[in-house]
Every structure is written in C-alpha cells, then in structure tokens.
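Student: Could you take me through one part of this protein slowly? I'd like a close look at a single region, and I'm happy with a long answer.

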Amino acid sequence: MNKKAILTLFLPIFLFSACRIEYSFTGTTLDYELTNSFSVENFFNDSGGGPANMGQLFTESLKEYFQRNTQLELIRTNGDLQFEGSITRYSIDPQATVSSPDPNLPDRAGQMRLSISVQVDFVNTQNDEESLSRTFSFFQDYDPRNTSLLQVETELIEIIFENIIQDIFTATVANW
C-alpha cells in the first residue's frame, strides 16, 4: 500500500475519533466528574392544608425522580446538589360557576382548582451561580358535580407533584 492509500483510510477514522458528541436523553447538563451526589432535606407542609403525609410524599417523589433521571448518588446530607424547602400553598378555588335553572337553588361551582406551591432552595456546591431559591407551582381542575375532592385528591396531588418536580429538574440540572 502506498502512503496516499493509508492516509485515505486512516484520516477519517482519526477525525471521527477526535470528535466527541454527547447526548443526554434526560436533558441534564451535569458534569459527573465534578458532581457525584445529591441530598434532599425533608420538605414540610407549611400550607395549612392537604393530607398529613404530603411533605413526605413530595420529598420521596423528588428523590426518586432524580435517581431515575441522573447518575447521581443520593446521600443523606451535604450532597454536591442540595435541595430543601417546603410546601407553601395548598388551595382549592372555584373556577367556573354553573347557574341553577331553579331560582330557589344557588349557583354553584362547575369547576374547582387544586393549586399547590413548593418553595425550593437549591444549592449547587460545584457551581454557586446555578444555585437558586424559587417557588414552583402547578394546579389541576376537577368537576365537583361528578366527584368529591376526597375521591380525586390523591391522584391530583400526584399529577401536580410530577409537574412541579419536572420543573425543578429542568431549572436545576437541565438549565433550560
């Protein structure tokens, strides 16, 4: 083989091996060589409403989400990424009224909204510029004419927490 043929054969291999493209299906921008762990303090329910175990449910859901979607190790305290905060709002508000055809009966809510807000203090010990303190909120509506809050509360809270946790994930490790 001549030098030109060898060069033609090995040059593309060399060029492609020098290029490195990284993909993350979860969208994280974490450098796992610097950031290895995360810790989550218990989130308490300071809203004055909701189920008694709501803070614990949120705390465990946040831990599980980060374990599923990152390579970070969950440690008890002082992780490279640290989360703490509280549930600051749990409210049920009417969204749409339905007029009663009977003048002797009052109008009533046709749609109710469950809203939850969570205050999160996030510390990134490897890059302080990425630390934040922010409130994340989400809501779900339900129809009180067909169901009571007790029948749907657990499901609504899970949906709301799922959306809040995705927003926290995006704001803290995906940097969108």
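Tutor: Let's start with the whole chain, then zoom in on a few residues and finish with a pocket.

Keep in mind that this is a predicted model. The average pLDDT for the protein is 86, and 77% of the residues score at least 70. Residues 14-26 are the stretch to be careful with, as the pLDDT there is below 50, and beyond near neighbours in sequence this stretch has two contacts in the model. Where pLDDT is low, you shouldn't read the predicted coordinates in detail.

Now the overall layout. There are three helices and six strands in the protein, and if you walk along from the N terminus, the elements come in the order α-β-β-α-β-β-β-β-α. Of the 176 residues, 35% are buried. Take the contacts between residues at least 6 apart in sequence: 71% of them join residues at least 24 apart.

Let's warm up on strand E1, which covers residues 37-40. In a regular strand, side chains alternate between the two faces of the sheet. Here both faces of E1 are covered: Ser37 and Ser39 are buried on one side, and Phe38 and Val40 are buried on the other. E1 also has a partner, strand E3 (residues 73-74), and the two pair in the parallel sense over two bridges. If you look for the E3 residue bridged to Ser37, you'll find Glu73.

Next comes the spot I'd like you to look at most closely, around Ser86 and Ile87. Begin with Phe44, in strand E2. Is Phe44 buried or exposed? Its relative accessible area is 53%, and the cut-off for exposed is over 50%, so Phe44 counts as exposed. Even so, setting aside residues up to four places away in sequence, Phe44 touches Gly85, Ser86 and Ile87. Thr59 is 15 residues from Phe44 along the chain, and their C-alpha atoms are 8.6 Å apart.

Now move to Asp46, in the loop between strand E2 (44-45) and helix H2. Asp46 is exposed too, because its relative accessible area is 54%. With residues up to four places away in sequence left out, Asp46 touches Ser86 and Ile87. Asp46 and Val118 are 72 residues apart in sequence, yet 9.5 Å apart in space from C-alpha to C-alpha.

Ser117 approaches these residues from another part of the chain, as it sits in strand E5 (residues 108-124). Its relative accessible area is 6%, so Ser117 is buried. Ignoring neighbours within four places in sequence, Ser117 is in contact with Ser86, Ile87, Thr88 and Arg89, and also with Thr135, Phe136 and Ser137. So which residues should you click on to tie this region together? Try Ser86 and Ile87: Phe44 touches them, Asp46 touches them, and Ser117 is in contact with them as well.

Last stop: the second largest pocket, with about 170 Å³ of space. Rolling a probe the size of a water molecule over the atoms shows where empty space is left. Helix H2 (54-69) and helix H3 (149-174) each supply at least two residues of this pocket's lining. The lining consists of Leu57, Ser61, Glu64, Tyr65, Arg68, Glu158, Phe161, Glu162, Ile165 and Gln166. Sorted by class, that gives four nonpolar, two polar and four charged residues.

Key:
Residues numbered from 1 in each chain as written. Predicted model: local features only at pLDDT ≥ 70, side-chain atom pairs only at ≥ 80, totals over all residues. Heavy atoms only, no water. 1 Å grid on protein atoms, 1.4 Å probe; cavity = no way out; pocket = protein on both sides within 12 Å on 5 of 7 lines; lining within 4 Å. Points joined across faces, edges and corners; volume = space filled by probe spheres on them. Helix = DSSP H or I, 4+ residues; strand = E, 2+ residues; numbered from the N terminus. Nonpolar A, V, L, I, M, F, W, Y, C, P; charged D, E, K, R; others polar. Buried < 20%, exposed > 50% of the residue type's maximum accessible area, 1.4 Å probe, protein only. Pairing = 2+ DSSP bridges. pLDDT = per-residue confidence, 0-100. Contact = heavy atoms within 4.5 Å.
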